[in-house]
Amino acid sequence: MMKAIFTSLSLVAAASARTITVYNACPFTIWPALFTSAGGRPSQPTGWSAGSFTKVTFSVPDQWNGRIWGRRNCNFSSNPGPNSCLDGGCNGGLLCDPNTGTGVPPASLAEFNLNAGGVDYYDVSLVDGYNLPMRIDNTAGCPVGSCGVDLGPNCPSELKGPFDSTGFPVGCKSACLVDAQNGRAGDSPNCCSGSHNTPATCPSSGVSHYDYFHNNCPTAYAYAYDDKNALFTCPASKAATYTVTFCP
Ligand SMILES: *[C@@H]1O[C@H](CO)[C@@H](O)[C@H](O)[C@H]1NC(C)=O
């Protein structure tokens with residue numbers, strides 16, 4: 001009997017929400033998006049327009065597992081879908097499809113896996129390329145994940161782009177993304193796939209242009225097995241609230 005009571009109490013505790021703020025510090029409008037992998041849906045829509053220097057705060061389930069990214073140069077008035085933005089666009093248009101709307105790379109990602117066995121995991125990932133600087137802050141004194149540098153202008157030429165109408169690069173692809181676009185993602189040292197699918201067989205030294213991403217953004221994932229540099233944790237008991245800042 002007591003066991004049953006404690007079980008239901010812990011279920012109540014596990015259902016409490018967390019708070020995430022998304023702040024657009026870029027001097028231009030972006031269209032943030034979020035995708036839920038597991039743990040229930042946030043209170044915020046899956047996509048919205050964010051004018052420069054505006055923020056929104058919303059709640060996510062205590063065990064939310066998902067990602068937040070930004071979309072650039074969007075126009076949803078015709079053919080709303082993945083090509084409505086120069087990068088980061090998703091199936092659905094302004095509102096990303098909750099099942100398939102993960103975003104078109106290159107796109108910098110803020111990834112969260114909250115209260116996974118008592119631990120929050122979070123990171124900034126450039127594994128799918130870069131499209132905006134971003135930082136993840138928290139209120140619990142836990143580490144900060146960040147890529148605060150605009151990686152577009154100095155991006156290696158074979159990775160540079162896409163470009164806006166003035167020719168300015170609004171992204172920098174990862175070498176894995178270029179492999180994927182050329183049908184080579186199945187067995188790639190850049191993607192840690194196929195015969196390279198373990199940390200031992202996919203060293204960072206085998207990833208093209210790893211140093212460009214890692215040296216500019218040492219606390220962001222520059223390739224799939226960058227956990228030691230970029231995967232951060234915070235005790236779930238601290239119930240941290242997180243802020244994702246674009247162009248920090
Ligand atoms: C958005 O696209 C529509 C249809 O192609 C076009 O008429 C409109 O001018 C575009 N808006 C902007 C702000 O570029």
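Select Asn 75 and the ligand first: a polar side-chain atom of Asn 75 lies 2.3 Å from an oxygen atom of the ligand. The distance falls under the definition of a polar contact, a pair of N or O atoms within 3.5 Å. Next, add Ser 77, where a polar side-chain atom is found 3.0 Å from an oxygen atom of the ligand. The residues around the ligand are Asn 75, Ser 77 and Ser 78, where being near a molecule requires a heavy atom within 4 Å of it. On its own the ligand has 360 Å² of accessible area, of which the protein covers 23%; such areas come from the Shrake-Rupley method with a 1.4 Å probe.

The model is a predicted one, in which local features need pLDDT of at least 70 and side-chain atom pairs count only at pLDDT 80 or more, while totals for chains, interfaces and linings use all residues. Residues are numbered from 1 along each chain as its sequence is written, and side-chain values use heavy atoms, with hydrogens and water left out.

Now display the whole protein chain as a cartoon. Four helices and 10 strands appear, in the order α-β-β-β-β-β-β-β-β-α-α-α-β-β from the N terminus on. Helices (H or I, at least four residues) and strands (E, at least two) are DSSP runs, numbered from the N terminus. The C-alpha atoms fill a box of roughly 65 × 45 × 30 Å along the principal axes. Of the 248 residues, 47% count as buried, that is, under 20% relative accessible area (1.4 Å probe, protein chains only). Colour the surface by element: the chain exposes about 11,000 Å², and carbon and sulfur atoms supply 55% of it.

Then select strand E7, residues 134–138. Which residues form its covered face, and which its uncovered one? Met 134, Ile 136 and Asn 138 belong to the covered face, whereas Arg 135 and Asp 137 belong to the uncovered one.

Add strand E8, residues 145–147, which pairs with E7 in the antiparallel sense over three bridges; two strands pair if DSSP finds at least two bridges between them. Ile 136 stands opposite Gly 145 in E8. E7 and E8 form a hairpin with six residues between them, and Gly 141 in the turn has a positive phi of about 75 degrees.

Finally, select strand E10, residues 242–246, which runs antiparallel to E7 and is joined to E7 by five bridges. At Asn 138, look for the bridge partner in E10, Tyr 242.

Conventions. Polar contact = N/O pair within 3.5 Å; in protein donor to acceptor, adjacent residues only side chain to side chain. Buried < 20%, exposed > 50% of the residue type's maximum accessible area, 1.4 Å probe, protein only.
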